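Welcome! Here is a short tour for anyone meeting this structure for the first time.

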Amino acid sequence: MALLEVEGLKVYFHTRNGVVKAVDDVSFSVDCGETLAIVGESGSGKSVTCYSLLDLLPKPPARIEGGTALFDGEDLLTCDSTRMRHFRGNDIAVIFQDPMTSLNPFISIGEQLIEPLIYHPDPARKQTRAAARKRAIELLKEVGIIDPHSRVDCYPHEFSGGMRQRVMIAMALINEPRLLICDEPTTALDVTIQAQILALIKKLQETRDVAVIFISHDLGVVAGIADKVLVMCEGTIREAGDTDKIFYNSQNDYTQKLLAAIPEGAKQLPNRAQPDNVLVEVSNLKTHFTDYNKARHQDNVIRAVDGVSLSIQRGEILGLVGESGSGKSTLGRSILQLAPTTAGQVSFDGTSLTGLSAKQLVPWRRMMQMIFQDPYASLNPRMTVYQTLAEPLLYHGLANRKTIDQQVRQLMDDVGLVHSQLRKYPHEFSGGQRQRIAIGRAIATKPELIIADEPVSALDVTIQAQILDLILDLVERHNLTMLFISHDLSVVRYISDRVMVMSRGVIVEQGVTEELWENPQQAYTQQLLRAIPIADPKLERSRLASM
Amino acid sequence: MLRFAFYRLLQAIPVLLIVISLTFFLVHSAPGGPFSADKAVPPEVIKALEAQYNLDQPLWQQYVSYLGDIVQGDFGPSFKYPGRDVSELIAAGLPATAELAFYAMLVALVIGVSAGVTAAMRPNTAQDYIPMSAAMIGICMPSFLLGPLLVLIFGIHLEWLPVSGWGDMPGDKILPAITLGTGYAAYIARLSRGGMLEVLSQDYIRTARAKGLSEPLVITKHALRGGLIPVVAFLGPAFAGLLGGSFVVETIFQIPGLGRFYVQAAFNRDYTMILGTTVFFATLIIVFNLLSDMLAIWLNPKLRQQAQGKS
Amino acid sequence: MTTVEEQGTSLWRDAWIKLCKNYLALLGLAIILLLCLVSLLTPWIAPYGYEEQNLLLGATPPSAAHWLGTDIFGRDMLTRIMYGGRVSLTVGFIATAVALVIGVLWGAVAGFVGGRVDAVMMRIVDIMYALPFMIFIVLLMVVFGRNILLLFLAIGAVEWLTMARIVRGQVMNLRKQEFVEAAYSLGLSQWTIIRRHIIPNTLGPVIVYTTLTIPSVMLLEAFLSFLGLGIQPPQSSWGLLINYGVETMEEYPWLLIFPGVTLSLTLFALNFLGDGLRDALDPRTSKDQ
């Protein structure tokens, strides 16, 4: 019998709008030394499945309607709270998605690490603080924290994202659990850090022979570490089987759709860039922010953009890629004059925009628009779709009262929305639909330049594919020039003609996309490219093994 | 941390100066002087009294000399109680008011926090509705209504507790403290419930549970620290409010405290008394605000390190 | 071909639906509306004249002729409470309006302009928060006489601080929202952005806190009147009535209880309504997930 056997699990949420079947008849098993990946988009129920095993769901809305979950023969779903405490943190441990919010900011990490040891429900295994502290330091060293003796007394905010996740991993492993549940542990991390954490988890599993359940929305991430894969959608299992079978020989439509949606390879459409015709010229741009430190009465200077020069050719899609904190978003906003620049110059079609007043910029604003990342925050929640799309047209005099109706409908058609939804409010749409509205707003004024700041990062992979294709289509049809900003290298490769790599406020390398991919010159670029997870198990395994 | 305190104290001085100046000119611009209420006194005597107390000098001169006196700790003589200094009167009334405020704050914190935390543990159930309804009653019943009612019930009808005095009979501090503290207890209950609910929905509470910690431990060790932040932030204004609220409570329960002296001084136009007490209260409030701000910073590890210069 | 356009549900409608499910809040709203109506119509519907004394009667407990009894001068308590309510509610609403105007303007400017201006404006708010305001109000009332206009201003001057903080917080949050950035990128003028994007999204918290400020203000007025520094006879407010009631509470408890209960009930109603509005307008509990 396997270590964990789940049979017919049903978890329903009783909300004021009705019953939501988050998990509907799910069965699977995991054994020691095995890694099971549960893959699905948002709302698929993958996290709810695993949290229900440890009774971590909010009980009023959530209710376990049926099924069994046998851990070493004992049913987790029916045991009382005292028995459950024996399992939690002891036999079964969890690594959560966001280490920033999952660690208590008020308590030192050392204290949080030793808690499973000093509060152990089994008196025989309870440890003293001194012994527990020693153990904690050992584990910190094992997960790769440098100088664990002094770092053990630090607070979570003193660590970077990747380091915090290592601490979470140490915390989960400190009681030598037999089952480790990892809930999207690398989603909140930069791609280079993600690769390190994945390799770490794999190594730790091998040395300890734990069973691992790895939850993710990203098939590429699990390709290299999973033995078995479970594909979930809307609470049910669509397909289950060995990793190789799922990736190379899937029998299920949904799985195939998921695999197909992953951006792969180079841009298919032809490069329409006009090298002699430069639309945007940026010279030595600097955008610095000062952060007022209240407690010390001092100013911290943040050099978000620190001397960037580039040019965007008319007709091209220029990709701008970088990890968090690289300054890519700030660069995009600085070009659009949405962020106050400290030095340098930006010129559009030959005219310098730097130093122009807000009023003088108005005619230029028509020509350059932005698509934002968060589909939930980029639309005014109090305006209907109609009003949002009409606003730019009316303000810039591109439509009058007679023509506005027809023009708004035309925009809806352009971005693939149905006319019957015209009078609806943003909160009544899905994320992908909202992004379409935002794109519609951006192209309404018939701009020449569009800066897209992580437009698909907040979307599920299948929706992402649709929106990317929409963007490519619109660029073609309307002869747009685009700066496409993203941290996702695969997406950037799929969509851009040329690409720039940014890190810490400066451009590290640039070039034609495919040439950069084949032959990266800078060490940072090489590091980035090496870290990209590929949805191919054989390739992934060898890549992780080499890390 | 010291650096922070130093800067704040530095900022407090102009504030204090503004308070003193504002009060000074406000009081002196009122029609009539401290002696005009006594109708039986002939004008020559009033003039003599004014000369004696330097009230016939130009206003700005009085102002400057007053400032000079304050710095030396001399608040001047009381106009209404000849022969007695303002500082003397303040010292006489202070202990009662300080004790009252202290007990009231204790009542407010103990009842408020326990009610709020209990309510937050099981939201939208009886465990939540009952304390919160009681809290609502506490907010909607002002001290000058609650006090007399308590006196009526416990003092007069049941005769369980004394209804006036302070320190004269055992138990005479109970009703005043409860009267003053209840409104704040209710507000703190709501604040702590809100803060706890916010914290309990955080990811790190889920992590604590996932580690196998018992629910009481999760609440006390992990949730309270973040959940009580709104309460700590409220301490400063609460203290200011308690001092203000003491006026009414001391009046109702006949407590010989500073609040009651203040109200009387205001009515009597006892300039020096008004000024002295105002300055005193203002200083107390500013110091207390500084302390509670420092507490708030100290409780947050990130801010604490920044203040200590580690950032 | 014309397709049927579906009607959207705005966030306001959502909030209204949620509010209607909250019975306590609706009860609060009903009570307030009733009180306002009664106060407006008092001169016509009060059973007795305001000044009407009946010295032979003296203080009597509730009876058929006088539903809430009479005070020591034989004046009908129901009438006195009704007239007192007019004053208390008027002070409540007007002082809140003062606080609202100052607070919203201050907070909006600080939040929208940001930078140094914001730092200075909020520092002033911080300092004023720390001041012993009770003391100033007492002083003001003593010094400038018991002028009802001054009372409005004095109370408003204390209460605007919280409103300023709320509005500033909301405006600062909004400024960081991407749809506001989008509005800038479209080239909309500052004023258009404020009008179409900032204000509609700030109304929610403003409405909630206005509703919660009114009881706070009424309490302050009652407090001052109780001390003898607020409303002066021959006018009366609930605070003043409570004051009189306390003086004679042993012999004539109803003189204290009825005004007291009325005041508390009003405060209850306003607080429940305010809480209900806050829950209804809270974006976290809306459809948005």
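The briefing below goes through a sheet, a core and two contacts between chains. Please keep in mind that this is a predicted model. A good place to begin is chain A, where 4 strands form an open sheet. From there we can move to the largest nonpolar core, which has 321 residues, and then to the places where chain C touches chain A and chain B touches chain C.

**The sheet in chain A**

- The strands of this open sheet follow the order 2-1-4-5, and their pairing is antiparallel.
- Strand 2 (18-30) and strand 5 (74-75) of chain A sit at the edges, each pairing on one side only.
- Strand 5 of chain A is joined by 2 bridges to strand 4 (residues 62-71) of chain A, and the two run antiparallel.
- Opposite A:Phe71 you will find A:Glu74, in strand 5 of chain A.
- Helix 1 (residues 46-53) of chain A lies across strand 1 (4-15), strand 2 and strand 4 of chain A. Its direction is at about 70 degrees to strand 2 of chain A.

**The largest nonpolar core**

- Among the residues with the most contacts inside this core are A:Ala170, A:Phe484, B:Ile188 and C:Ile242.
- Helix 4 (residues 86-121) of chain B gives the most to this core, with 15 residues.
- A:Ile213 is another of the residues with the most contacts inside the core. Leaving out residues up to four places away in sequence, A:Ile213 touches A:Val30, A:Leu36, A:Ile38, A:Cys50, A:Ile181 and A:Cys182.

**Where chain C touches chain A**

- This contact takes 25 residues from chain C and 30 residues from chain A.
- On the chain C side, the elements that give two or more residues are helix 7 (178-185) and helix 8 (190-227) of chain C.
- Helix 7 of chain C provides the largest share of that side, 6 residues.
- By class, the side of chain C that touches chain A has 8 nonpolar, 11 polar and 6 charged residues.

**Where chain B touches chain C**

- Here 33 residues of chain B are in contact with 28 residues of chain C.
- Several helices of chain B each supply at least two residues to the side that touches chain C, including helix 1 (2-28), helix 5 (126-140) and helix 12 (271-299).
- Helix 10 (229-252) of chain B is also on that list, and helix 10 gives the most to this side, with 7 residues.
- The side of chain B that touches chain C divides into 27 nonpolar and 6 polar residues, with no charged residues.

Note on methods
Residues numbered from 1 in each chain as written. Chains lettered and ligands numbered in written order. Predicted model: local features only at pLDDT ≥ 70, side-chain atom pairs only at ≥ 80, totals over all residues. Contact = placed C-beta atoms within 7 Å. Nonpolar A, V, L, I, M, F, W, Y, C, P; charged D, E, K, R; others polar. Pairing = 2+ DSSP bridges. Axes fitted to C-alpha atoms, helices over the stretch in contact; angles between N-to-C directions. Core = buried A, V, L, I, M, F, W, Y, C linked by C-beta atoms within 7 Å. Buried ≥ 20, exposed ≤ 12 C-beta atoms within 10 Å, placed from the backbone.
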